[in-house]
Amino acid sequence: MSTDPKSICVYCGSRTGALPAYAEAARTLGYVPNKIAGALASQRVNLVGVIIPSLSNMVFPEVMTGISRTLEETDLQPVVGLTDYLPEKEEKVLYEMLSWRPSGVIIAGLEHSDAARAMLRAAGIPVVEIMDTDGKPVDSMVGISHRRAGSEMAKAILKAGYRHIGFMGTKMPLDHRARKRFEGFTEALAKEGVEIEDRAFYSGGSALAKGREMTQEMLERSPDLDFLYYSNDMIGAGGLLYLMDQGIDVPGQIGLAGFNGVELLQGLPRQLATMDACRLEIGRKAAEIIISQLDDPDAVQEHHVTLTPTISYGDTLKRR
């Protein structure tokens, strides 16, 4: 038997070099074997699979709080799987979760591999895709329009009188929601004849430190910028701390804004302008949809829920 790690099946751990028949079926038909077959009369367990990219930032723990608080009133329990924004890892986590026949699945994002979408469609249980509504869900979706969020922030920045704008964010090929905000942001600027004059992207490392580092480098490259838009609050906070250390007038000389409405950052000397991503409400509503569909599958259900985030101007986005 080959020991070449490339020949290991991500589904069952076999080293045959080829996918077993059922794994191939999962890719093409969404088939997943039942690990509790014969063990329970209902063929379902009181678990709700929650598949999210990460618990290492401030975004998804709040979503989990909304889910957990809502499920506390039922016999359902959430079980969490992490994907690190990797489609192949999401596929594997989903496969393993579905093999235990959960009562429902809550999964972050609308972009999934063909195999993952096939498994979700074939699962025969309530599926709620969360965080994003810019796309078509397999079943139900709860979130915000990230394109609209980016667009609304651009309009607020322009209304305040800023015109020379730089952007800093995470690398976007795998962070689809950040990409959509960036697209909405740049499209709204373009409608007013404004283009982003500088941009920088990062991956890994401390977001606060990256924010400081990227802000310094960007202003050294482009000293005429009068506004910096960050794809998340953590790097935005790093930028704010750097500017305060340098004695730069915020928001008079340079305005700043982030995204997510991270409560932890309310302890900063100045409040960063940001936009609430409705995280707690997203988690709560997603869990409610799961519960409702399980209680009465034939009832008319609310499948597409788009929440409306609001801008907090803080101390870094002046209003004229």
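**Figure 1. Strand E6 and its two parallel partners.** In this predicted model, strand E6 is mostly covered, with six of its six residues buried. On one count of partners, E6 pairs with E7 in the parallel sense over six bridges, and here Met-168 has Ala-200 of E7 as its bridge partner. To get from E6 to E7 the chain crosses through helix H6 (residues 176-191), and this β-α-β crossover is right-handed. E6 also pairs with E8, again in the parallel sense, this time over four bridges. Look for Met-168 once more here: Tyr-230 in E8 stands opposite it.

**Figure 2. Glu-197, a partly exposed residue in strand E7.** Glu-197 has its place in E7. With a relative accessible area of 43%, Glu-197 falls in the partly exposed class, because that class runs between 20% and 50%. Setting aside residues up to four places away in sequence, Glu-197 touches Arg-163, His-164, Ile-165 and Leu-225. With His-164 the link is also polar: a contact of 2.6 Å joins the two side chains. Leu-225 sits 28 residues from Glu-197 along the chain, yet their C-alpha atoms are separated by 7.7 Å.

**Figure 3. Helix H8 and the elements packed around it.** H8 covers residues 233-245, which makes 13 residues, and reaches 18 Å from its first C-alpha to its last, close to the 18 Å expected at 1.5 Å a residue. The helix is mostly covered, as 10 of its 13 residues are buried. Among these buried residues are Asp-233, Met-234, Ile-235, Leu-240, Tyr-242 and Leu-243, along with the glycines Gly-236, Gly-238 and Gly-239. What do they pack against? The list takes in five strands' worth of labels to find in the view: E6 (165-170), E7 (196-202), E8 (227-230), E9 (255-257) and E10 (274-275), plus helix H7 (207-221).

**Figure 4. The two ends of H8.** At the N-terminal end, the cap is Asn-232, with a side-chain oxygen 3.1 Å from the backbone nitrogen of Met-234. At the other end, H8 is followed by Gly-247, and the phi of this glycine is positive, near 70°.

**Figure 5. Strand E4, between E3 and E5.** Which residues of E4 (residues 127-132) are buried, and what follows from that? Six of the six are, so the strand is largely enclosed by the rest of the structure. Strand E3 (residues 104-108) is joined to E4 by four bridges, and the two run parallel; Ala-108 stands opposite Ile-130 in E4. The route from E3 to E4 goes through helix H4 (residues 114-122), a β-α-β crossover that is right-handed. E4 is also joined to strand E5 (residues 140-144), by five bridges and again running parallel. One pair to pick out there is Val-128 with its bridge partner in E5, Ser-140.

**Figure 6. Val-48, buried in strand E1.** Val-48 belongs to E1 (residues 47-52). This valine has a relative accessible area of 0%, so it counts as buried, the cut-off being under 20%. Beyond its neighbours within four places in sequence, Val-48 is in contact with Leu-71, Leu-76, Gln-77, Pro-78 and Val-79, with Gly-104, Val-105 and Ile-106, and with Ile-290. Ile-67 lies 19 residues from Val-48 along the chain, and the C-alpha atoms of the two are separated by 9.7 Å.

**Figure 7. The nonpolar cores, with Phe-185 in focus.** In soluble globular proteins, nonpolar side chains tend to be buried together. The largest nonpolar core here has 51 residues, and Ile-106, Ile-130, Phe-185 and Leu-317 touch the most other members. Apart from it lies another core, of 24 residues, including Leu-243, Ile-254, Leu-256 and Val-262. Back with Phe-185, and leaving out neighbours within four places in sequence, the contacts are Gly-150, Ser-151, Met-153, Ala-154, Ile-157, Ile-165, Ile-196 and Tyr-229.

**Figure 8. Zooming out to the whole protein.** The protein's secondary structure comes to nine helices and 12 strands. Of its 320 residues, 52% count as buried. As for contacts with a separation of 6 or more, 68% of those in the protein come from residues 24 or more positions apart.

How values were computed. Residues numbered from 1 in each chain as written. Predicted model: local features only at pLDDT ≥ 70, side-chain atom pairs only at ≥ 80, totals over all residues. Heavy atoms only, no water. Expected span 1.5 Å × (residues − 1). Buried < 20%, exposed > 50% of the residue type's maximum accessible area, 1.4 Å probe, protein only. Contact = heavy atoms within 4.5 Å. Polar contact = N/O pair within 3.5 Å; in protein donor to acceptor, adjacent residues only side chain to side chain. Core = buried A, V, L, I, M, F, W, Y, C linked by side-chain atoms within 4.5 Å. Pairing = 2+ DSSP bridges. Right-handed = clockwise from strand over helix to strand, strands pointing away.
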